[in-house]
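Please consider the structure shown here. A formal set of questions and answers accompanies it.

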Amino acid sequence: MRRTMTAVMALVLLVGCGRSDANRDTVAEALAIADEYVVGYYDQFPEDAYETGYPAPLDRMGDHSPAATAAWEAREDAWVARLLAIDAGLLD
């Protein structure tokens, strides 16, 4: 989980460094993945939203069962695969 969060944050920083009109679709895809990750993370781990101040309702605790953890890791793997498919050179 920490590895994925680091990758997403690094990608967001790279995207923020500079954009050109030619790279708009690539930047939009990278930001969409980052947005999906953040929303998914705080949905999976709502208690972390409370701890970090993220504006999400704290109406339940996260499901940390083995099945839920495996499902979350599969989602992370899918996001990483999408990130790896992006040509990082187009984010400059």
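The questions and answers below concern a predicted model.

Q: In what order do the elements of the chain run from the N terminus on?
A: The predicted chain has four helices and zero strands. Read from the N terminus on, its elements therefore run α-α-α-α.

Q: What share of the 92 residues in the chain is buried?
A: A residue counts as buried when its relative accessible area is under 20%. The accessible surface of the chain comes to about 6,000 Å², and 60% of that area belongs to carbon and sulfur atoms. By the cut-off given, the buried share of the 92 residues is 30%.

Q: Among contacts between residues at least 6 apart in sequence, what share joins residues at least 24 apart?
A: A contact requires heavy atoms within 4.5 Å. One pair of residues far apart in sequence is Glu29 and Arg82, which are 53 residues apart. Among contacts between residues at least 6 apart, the share joining residues at least 24 apart is 61%.

Q: Which helix gives the most residues to the largest nonpolar core?
A: The largest nonpolar core has 13 residues, and those touching the most other members are Ile33, Tyr37, Tyr41, Trp72, Trp79, Ile86 and Leu91. Two helices, α2 (24-44) and α4 (66-84), each supply at least two residues of this core. With six residues, the helix that gives the most is α2.

Q: Which residues does Ile33 touch, not counting residues up to four places away in sequence?
A: Ile33 is among the core residues that touch the most other members, as are Trp79 and Ile86. With residues up to four places away in sequence left out, Ile33 touches Trp79, Arg82, Leu83 and Ile86.

Q: How many salt bridges does the count come to?
A: A salt bridge needs a side-chain nitrogen of Lys or Arg within 4 Å of a carboxyl oxygen of Asp or Glu. Glu29 meets this rule with Arg82 at 3.1 Å, Arg82 with Glu36 at 2.7 Å, and Asp43 with Arg60 at 2.8 Å. The count comes to three.

Q: Why does the salt bridge between Glu29 and Arg82 tie together parts that are apart in sequence, and how many residues apart are they?
A: The closest N and O atoms of Glu29 and Arg82 are 3.1 Å apart. Glu29 lies in helix α2 and Arg82 in helix α4, so the pair ties together parts whose separation in sequence is 53 residues.

Q: Which residues are linked in a network of salt bridges?
A: Arg82 forms a salt bridge with Glu29, and the side chains of Arg82 and Glu36 also meet in one. Arg82 is partly exposed at 28% relative accessibility, as are Glu29 at 32% and Glu36 at 35%. The residues linked in the network are Glu29, Glu36 and Arg82.

Q: Where does Arg60, the partner of Asp43, lie?
A: The side chains of Asp43 and Arg60 meet in a salt bridge of 2.8 Å, N to O. Asp43 is partly exposed at 45%, and Arg60 is partly exposed at 35%. Asp43 lies in helix α2, so the pair ties together parts that are 17 residues apart in sequence, with Arg60 in the loop between α3 (46-52) and α4.

Q: How far apart in space are Gln44 and Gly62, C-alpha to C-alpha?
A: Gln44 has its place in helix α2 and is buried, with a relative accessible area of 14%. Not counting residues up to four places away in sequence, Gln44 touches Gly62, Asp63, Ala68 and Trp72. Gln44 and Gly62 are 18 residues apart in sequence, and their C-alpha atoms are separated by 5.5 Å.

Q: Is Thr26 buried or exposed?
A: Thr26 lies in helix α2. Leaving aside residues up to four places away in sequence, Thr26 touches Ile86, Asp87, Leu90 and Leu91. The relative accessible area of Thr26 is 16%, under the 20% cut-off, so Thr26 is buried.

Q: Which residues form a nonpolar patch on the surface?
A: One member of the patch, Tyr50, is found in helix α3 and is exposed, with a relative accessible area of 63%. Together the members have about 390 Å² of accessible area, and they are Tyr50, Leu58 and Met61.

Note on methods: Residues are numbered from 1 along each chain as its sequence is written. This is a predicted model: local features need pLDDT of at least 70, side-chain atom pairs count only at pLDDT 80 or more; totals for chains, interfaces and linings use all residues. Side-chain values use heavy atoms; hydrogens and water are left out. A nonpolar core is a set of buried Ala, Val, Leu, Ile, Met, Phe, Trp, Tyr and Cys residues joined through side-chain atoms within 4.5 Å. Buried means under 20% relative accessible area, exposed over 50%, partly exposed in between (1.4 Å probe, protein chains only). Patches are made of residues with over 30% relative accessible area and no salt bridge: like charges are joined within 9 Å, nonpolar side chains (Val, Leu, Ile, Met, Phe, Trp, Tyr) within 5 Å. Accessible areas come from the Shrake-Rupley method with a 1.4 Å probe; for residues, only the protein chains shown count as cover.
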